[in-house]
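Biologist: Could you walk me through this model at the bench-side level? I have a few things to ask.

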Amino acid sequence: MSVSPFAEHTTRLTRSLINALVSEHDDAALASRVREIAADLSAAAEDPSVVEIRDPMRPRSRFRLDLTPASSARNPIAPPLEIRHRVRGAAEDDGTAESYADVVLPLQYQGPPGRVHGGIVALMLDQVLGDAAHASGLPPAFTRELTLTYDAGTPLNSTVRVSGRISRIEGRKRFMEGEITADGVVTARARGLWISPREQSAPASSRS
Ligand SMILES: CCCCCCCC/C=C\CCCCCCCC(=O)SCCNC(=O)CCNC(=O)[C@H](O)C(C)(C)COP(=O)(O)OP(=O)(O)OC[C@H]1O[C@@H](n2cnc3c(N)ncnc32)[C@H](O)[C@@H]1OP(=O)(O)O
């Protein structure tokens with residue numbers, strides 16, 4: 001289900017409000033930002049039908065109603081994670097289907113100074129690996145195990161790439177792997193196991 005421009009606009013403004021709360025330590029400056037954002041929120045709510053967004057997030061067909069705190073365009077606590085799909089080609093040329101997202105994390109996702117919080121790193125990798133686990137119309141599967149290695153700080157305020165792919169499938173089990181890179185350097189790696197519940201995996205288990 002696609003998100004209306006009004007809902008997405010309101011989500012973006014709410015993200016701005018969250019950002020103001022963690023950025024402005026002076027109440028007068030904070031109050032000024034709050035007034036601006038409140039005015040923008042009210043203006044859009046006057047007539048939701050005329051709200052337009054120049055660069056809306058693309059609705060993803062394999063995720064009909066995304067309300068997750070990881071990637072929903074209508075959930076302001078979610079990082080602005082727009083997941084795309086591709087086949088790794090040219091350089092690697094291994095033909096692996098991959099899910100990936102290029103994302104900039106603002107201050108509200110900070111852990112150590114200047115770095116993305118490790119839990120947010122895990123959240124994004126869980127989501128992108130979970131998305132990749134559902135490639136090719138595979139039946140629903142849940143994260144059973146997720147192992148993270150934090151190799152280096154993941155920077156705030158600059159584009160990082162979150163990627164995930166299936167490494168192998170054994171019956172109901174999908175073994176996943178992925179990483180986050182910043183300027184081409186790996187900052188975190190993930191390995192995980194997604195399992196399709198017995199009742200939902202009849203076609204998959206008959207293949208095993
Ligand atoms: C969420 C998807 C919904 C579908 C949506 C469709 C479209 C989606 C599009 C895009 C999706 C993006 C969405 C991302 C969402 C983000 C991820 C989350 O937040 S998920 C929530 C957190 N996770 C849970 O809540 C799971 C909780 N756990 C469970 O419910 C169960 O454990 C479950 C269903 C996962 C498995 O239950 P069992 O009872 O079937 O499992 P047993 O029988 O113990 O294990 C199955 C096999 O796996 C082996 N196994 C277990 N652990 C293993 C391990 N660590 N290594 C190797 N094998 C292992 C076992 O030995 C067994 O093998 P043998 O069949 O006997 O051969």
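Modeller: Happy to; we will go through confidence, the annotated domain, the ligand shell and one helix.

Biologist: What average pLDDT does the protein have?
Modeller: This is a predicted model, scored at ipTM 0.88 and pTM 0.90. Of the residues, 90% score at least 70, and the protein averages a pLDDT of 91.

Biologist: Over which residues is the pLDDT below 50?
Modeller: Where pLDDT is low, the predicted coordinates should not be read in detail. One such stretch still has 9 contacts in the model beyond near neighbours in sequence. The stretch with pLDDT below 50 is residues 204-208.

Biologist: How far apart are the end C-alpha atoms of residues 114-184?
Modeller: UniProt, in an unreviewed entry, places "domain: Thioesterase" at residues 114-184. That span is 23% helix and 44% strand. Its end C-alpha atoms lie apart by 18 Å.

Biologist: Which helix supplies at least two residues of the shell around the ligand?
Modeller: The ligand is surrounded by 17 residues, the closest being Gly-130, His-134, Pro-140, Phe-142 and Ile-195. By class, the shell has 6 nonpolar, 4 polar and 7 charged residues. Strands E3 (142-150) and E6 (185-195) each supply at least two of them, and so does helix H3 (118-133).

Biologist: Why does the end-to-end distance of helix H2 agree with what its residues should span?
Modeller: Helix H2 covers residues 27-46, and the count of buried residues among its 20 residues is 0. At 1.5 Å a residue, H2 should span 28 Å, and this agrees because its end C-alpha atoms are apart by 28 Å.

Conventions
Residues are numbered from 1 along each chain as its sequence is written. This is a predicted model: local features need pLDDT of at least 70, side-chain atom pairs count only at pLDDT 80 or more; totals for chains, interfaces and linings use all residues. UniProt positions are given in the numbering used here, feature names are shortened, and annotations may be inferred rather than shown by experiment. Helices (H or I, at least four residues) and strands (E, at least two) are DSSP runs, numbered from the N terminus. A residue is near a molecule or strand if its C-beta atom, placed from the backbone, lies within 6 Å of it. Ala, Val, Leu, Ile, Met, Phe, Trp, Tyr, Cys and Pro count as nonpolar, Asp, Glu, Lys and Arg as charged, and the others, Gly among them, as polar. The expected span of a helix is 1.5 Å times one less than its number of residues. A residue is buried if 20 or more other C-beta atoms lie within 10 Å of its own, exposed if 12 or fewer, and partly exposed in between; C-beta atoms are placed from the backbone. pLDDT is the predictor's confidence in each residue, from 0 to 100. Two residues are in contact if their C-beta atoms, placed from the backbone, lie within 7 Å.
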